[in-house]
Amino acid sequence: MLRQTLVLLALVTFASAAGGRLNHAQLNGLKRLLKNMDAGTFATCNIVFFSKPVTYNEADNNCKNFDIGSGRGENGNLVTVNDDLKNSDLKLLLEMAYPAAEPEQANDKWGPTSWVWAGLRKTKNNNNKKPGKYSPGDWEWADGSNPKDFYKWMKKQPDQRRLKKGKSGCDEKYCYQNQMRINHRGLWDDTYKFKKHPYACDYKGKYILSSDKVTWVQAKSMCEAAGLFLASVRNRAEVKEMKEAAVYFLGEADPTWKTWNSNNWIWLGGNDLEEEGTWKWQNGDLVEDWNVPWRRKAGKDNAGTGQHALAFSREGEFDDSFHDKEDRLRPFACQCPGS
């Protein structure tokens, strides 16, 4: 796993339509989707986990400049962890990125990769010489809410220790523990902004991409095993989002790749297996209810017969391809429920 690369997209608080957690089989399916992401990018539906350790201010700024994928051009914020589901998912994500049993984490429980930055920060009574009594109202998430009903502070935390300049990395007159981080056990700690950790942002995108190169049939099965389905791209805005998702999750395209290089194409859910020439998404909706950007000449040509599966290029074009041939192995995109 390339931990220094761009984004690690998060483990699941996307719950099912009924609002529950993933079952054990779905969780294993999701782990299978994420395990071989060479770009260091793991996608799920509502948290973006960046694996490179940075300071709190860098993490905060990066999240604010991150398009959260809502389709409305919104920028994000450090992740809001205001219930047990999201806390558990973030804990699990940290474990996938930096397993607690590995020496770097096992030998240093306070080290950079034993924690992940979250969005809770102390906004009141910040400059006390001595720690005062803990008050949830002093701490806020990005939406202005306070951790009154849900919190997972370690025992005797937050302790609000103050450092003088030159001590343990403090580069100001005084440094205060006004930021929050979460460890492999899902426990919270207040700490200094100059510390470096991975970080997580909130996310509202549609797509989860896997770098595993498989047939269309295998891709469909792998999405379903994770409680998802092969993705739909239904308009120009979603073409743009899928192109951006390919960069985030799979890495930048290599300009030396030829047009039909498998790295240039991503399996989508569209197919005409039921009726030749009638393309449908996984939910039964027609693919061609808009001006689909078929690749010129090659797209929708059914060359050699048997091209029943839809592939999407990094250039934003559609092509019909063979759904079960072992020489058509490609990355694929799953879709988040309700999107």
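**Note on the predicted model: loop, cores, strands and a pocket**

1. Q160 counts as buried, because its relative accessibility of 15% falls under the 20% limit for that class. The model under review is a predicted one. Q160 lies in the loop between β4 and β5, and its phi is positive, about 55°, although the residue is not a glycine.

2. The loop that holds Q160 has further backbone features that merit inspection. K156 is also found between β4 and β5. Its phi is near 70°, again a positive value in a residue other than glycine. K156 is exposed, with a relative accessible area of 72%, whereas Q160 is buried at 15%. The peptide bond from Q157 to P158 is cis, with omega near -5°, and P158 is placed in the loop between β4 (139-140) and β5 (162-164). As background to these points, most residues other than glycine have a negative phi, and most peptide bonds are trans.

3. Which residues have the most contacts inside the largest nonpolar core? They are Y199, L209, V233, M242, L268, L310 and F318, in a core of 34 residues. Two or more residues are given to this core by each of the helices α2 (56-64) and α6 (236-250) and by each of the strands β2 (47-54), β9 (197-202), β10 (207-214), β12 (265-271) and β13 (309-313). Helix α6 supplies the largest share, with 6 residues. A second, separate core has 20 residues, among them V79, A97, W141 and W188. In soluble globular proteins, nonpolar side chains tend to be buried together.

4. M242, one of the residues with the most contacts inside the largest core, may be examined individually. With neighbours within four places in sequence left aside, M242 is in contact with Y207, L209, A231, V233, L268, F312 and A333.

5. A97, a member of the second core, lies in helix α3 (residues 84-97). Is A97 buried or exposed? It counts as buried, because its relative accessibility is 2%. The C-alpha atom of A97 is separated by 9.3 Å from that of P198, a residue 101 places away along the chain.

6. Strand β2 has 6 of its 8 residues buried, so this strand is largely enclosed by the rest of the structure. β2 and β9 run antiparallel and are joined by 5 bridges. Within this pairing, V48 stands opposite C201 in β9. Both strands are among the elements that give two or more residues to the largest core.

7. Helix α2 also gives residues to the largest core, and it holds D60. D60 is buried, since its relative accessible area is 11%. Not counting residues up to four places away in sequence, D60 touches L78 and R121.

8. Strands β13 and β14 run antiparallel and are joined by 4 bridges. The bridge partner of A309 is S321 in β14. The hairpin has 4 residues between its strands, and G316 takes a positive phi near 90° there. In β14 (residues 318-321), F318 and D320 point one way while D319 and S321 point the other, and all of them are buried. The burial on both sides thus includes D319 and D320, and F318 is one of the residues with the most contacts inside the largest core.

9. Helix α5 (residues 216-225) has W216, A219, M222 and C223 as its buried residues. Viewed down the helix axis, these residues fall within an arc of 120°, so they line one face of α5. The helix is followed by G227, whose phi is positive, near 80°.

10. The second largest pocket contains about 210 Å³ of space. It is lined by 13 residues, of which R161, Q177, R181, D189 and Y192 are the closest to its centre. Which strand gives the most to this lining? It is β8 (residues 188-191), with 3 residues.

Terms used. Residues numbered from 1 in each chain as written. Heavy atoms only, no water. Buried < 20%, exposed > 50% of the residue type's maximum accessible area, 1.4 Å probe, protein only. Arc of directions from axis to C-beta. Core = buried A, V, L, I, M, F, W, Y, C linked by side-chain atoms within 4.5 Å. Contact = heavy atoms within 4.5 Å. Pairing = 2+ DSSP bridges. 1 Å grid on protein atoms, 1.4 Å probe; cavity = no way out; pocket = protein on both sides within 12 Å on 5 of 7 lines; lining within 4 Å. Points joined across faces, edges and corners; volume = space filled by probe spheres on them.
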